[in-house]
Every structure is written in structure tokens, then in C-alpha cells.
Amino acid sequence: MSRKTPVLLPVAATEQHGEHLPLNTDCLILEAIVRELDRVVDDRLLILPTQQVGCSEHHMAFPGSLTLSHETFRRAVTEVADSVVRHGFKRVMILNGHGGNHAIDAVLGEQLGQRYPQVQTLVADWWTVAAKRIKPMQEGSLGSVGHACEFETSLMLAIAPQLVDLDAAEDGGIQHHVESMWFDAFQGPVAACYRPFHVLSHNGVYGRPSLASEEKGRRLLEATVESLKELIVEFWPDWE
Ligand SMILES: [Zn+2]
């Protein structure tokens, strides 16, 4: 296998997603995205096993959630990346599927780049890469897309409908009086602030699963895969 093959490491989480979605929602969504991405690039990616436990300290008030500390997560991901680099691969992408991993992922992006000058590393959240295409699909107002929300529920309806209990779905999340402090996948909070999730939401949902649909989930998946394909083709144009 060419050592120029992009190696993709999916990193996700295991945590409560309201009463209507399974604990492994972030893993299932990310793995569906990665599978579809590999298909549209003619199986030219090397996909590593998903890191299924992420940084979920903020969600520990909700049973079922598992968490690693930032430091353990950083070391686990670094050591997996080390293994890949030791086999001679030159292109490594860490694709994130969980908001709680975002901060440490930014550190990993810098550290991996410094650690392996001979390797091209990319670290990204799927929703950030796809934001331009998927944000216009949001029907609810600010705060509708957060956690176990309009988008995650739609994606799960498209990917694994048998695991979604729509009768148990309940919109959730507080409406903040300062707009810049709202929790929303595409906007804010503007200032870095740590708030445990049970302060933001009584049921572990932030957003509006009531606006979810399978059809929207399919469009979200397709647009996300298209955006990721664009990114990797632009970043690695001479990819074999
Ligand atoms: Zn999630």
C-alpha cells in the first residue's frame, strides 16, 4: 500500500443523547460519514478503528456517559498516530464527531504537526468542515442544533432508524438571555466558558429533535461527505 494513502482516525464519544438516541450516537454518525466518504473516493482511504470514548466530563450527570480526561485522550490519539507514522504513512487525518473533543483536538493539531515534520496532519470536526453546506438546512432558530438535536436525530433516522425512539424525543436546552452565550453547533458561545450540561438542559438534549426527519438526515450525510471529499482532495491533490 502506498504510504501516501490518507489514514483516517475517527474520534467520537459514548454519552447520553436524551431519551431517544443511543449512547453511541456520535460513533454511529461518524462511522456512517467515514464509510460513505471512503465509498465516494473509491475505497482509497485507510480507516482506523474509531476512538469510541472521548472527553465527556461535562455530560457525566447523565447516566451511560463515559469519559476520558483531556490528557488520556490526547495520549491515546497521539500513540495511535505514532503507530501509523512508524509504519511510514505520510498523511494522517483525525476526524472528530464530538463537541467535547474539540478543545483538545486543537492542541493535537498543533502537537502532531510539530511532532512529525515529515507527515501532513489534518484535524477537523465533521460539522465545521461541512458548515457552509449544512447550516442552511437548519429549520429551527438559534439553539436548534446542539446535542441529540435537529441534526443528530435526523442523521440517526437516516443511518439507524431502528435505534431511534421518536416517541421519547423531547426538545431541550435553555434559552440564554445573552445571544452570544447560546450553545449552538454553528454559533457560540463566543467566549470560552465551561458549563456542565445539566445546567444547560434538564434531559440531556440541546436543540429540537422535533424538527428531525430521515430525509434531512440523508441530505446532511450527503453534504457532509461532499465537503470532506473536497477538503481531502484539495489538501492532497496528488493522492494515488
Ligand atoms: Zn452527539
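This passage walks through a predicted model, from its zinc site to its helices, its cores and a few single residues.

The model is predicted, so some cut-offs apply: local features need pLDDT of at least 70 and side-chain atom pairs count only at pLDDT 80 or more, while totals for chains, interfaces and linings use all residues. Residues are numbered from 1 along each chain as its sequence is written, and side-chain values use heavy atoms, with hydrogens and water left out.

The zinc ion makes a handy starting point. It is held by H17 (NE2), D26 (OD), E152 (OE) and E152 (OE), at 1.9 to 2.7 Å; donors here are N, O and S atoms within 2.8 Å of the metal (3.2 Å for Na, K and Ca), and sites may look incomplete since water is not among the atoms. Along the sequence, the donor residues follow the spacing H-x8-D-x125-E. D26 belongs to helix 1 (residues 25–40) and E152 to helix 6 (residues 150–159), so the pair ties together parts that are 126 residues apart in sequence. Helices (H or I, at least four residues) and strands (E, at least two) are DSSP runs, numbered from the N terminus. The 4 donor atoms subtend angles of 53 to 140 degrees around the zinc ion, which makes the arrangement irregular. For four donors, tetrahedral would need all angles between 85 and 135 degrees; square planar for four, like octahedral for six, would need opposite donors over 155 degrees apart and all others between 65 and 115, and anything else is irregular. Both D26 and E152 are buried, meaning under 20% relative accessible area, with exposed being over 50% and partly exposed in between (1.4 Å probe, protein chains only).

Helix 6 has plenty of company around it. Of its 10 residues, 8 are buried, so helix 6 is largely enclosed by the rest of the structure. The buried ones are E150, F151, E152, T153, S154, L155, M156 and L157, and their cover includes helix 1, helix 4, helix 5, strand 5 and helix 8, with contact meaning heavy atoms within 4.5 Å. Just ahead of helix 6, in the loop that follows strand 5 (145–147), sits A148. A148 is buried, at a relative accessible area of 0%, and has a positive phi of about 55 degrees despite not being a glycine. D43 also has a positive phi of about 55 degrees without being a glycine, but D43 is exposed, at 58% relative accessible area, in the loop between helix 1 and strand 2 (46–47).

F151 leads on to the nonpolar interior. The largest nonpolar core has 40 residues, and M93, L95, W126, I134 and F151 have the most contacts inside it; such a core is a set of buried Ala, Val, Leu, Ile, Met, Phe, Trp, Tyr and Cys residues joined through side-chain atoms within 4.5 Å. Helix 1, strand 3, strand 4, helix 4 (126–129), helix 6 and helix 8 (214–235) each give two or more residues to this core. Leaving out residues up to four places away in sequence, F151 touches I134, M137, Q138, V145, F186, K216 and L220. Apart from this core lies another, of 18 residues, among them F73, V92, Y116 and V119.

Helix 8 and helix 3 both have the length expected of them, taking 1.5 Å times one less than the number of residues. The 22 residues of helix 8 should span 32 Å, and its end C-alpha atoms are indeed 32 Å apart. Its buried residues, including K216, L220 and L228, pack against helix 1, strand 3, helix 4, helix 5 (131–134) and helix 6. For the 14 residues of helix 3 (residues 102–115), the expected 20 Å agrees with the 20 Å between its end C-alpha atoms. I104, D105, L108 and L112 are buried in helix 3. Seen down the axis, the buried residues of helix 3 fall within an arc of 100 degrees, so they line one face; the arc is that of the directions from the helix axis to the C-beta atoms. The face turned away from that buried side carries the exposed E110 and Q114.

Helix 2 is part of what covers the buried residues of helix 3. R74 lies in helix 2 (residues 70–86) and counts as buried at 19% relative accessibility. Leaving out residues up to four places away in sequence, R74 touches I104, V107, L108 and Q111. A81, also in helix 2, is buried at 3% and, with the same sequence neighbours left out, touches L112 and Y116.
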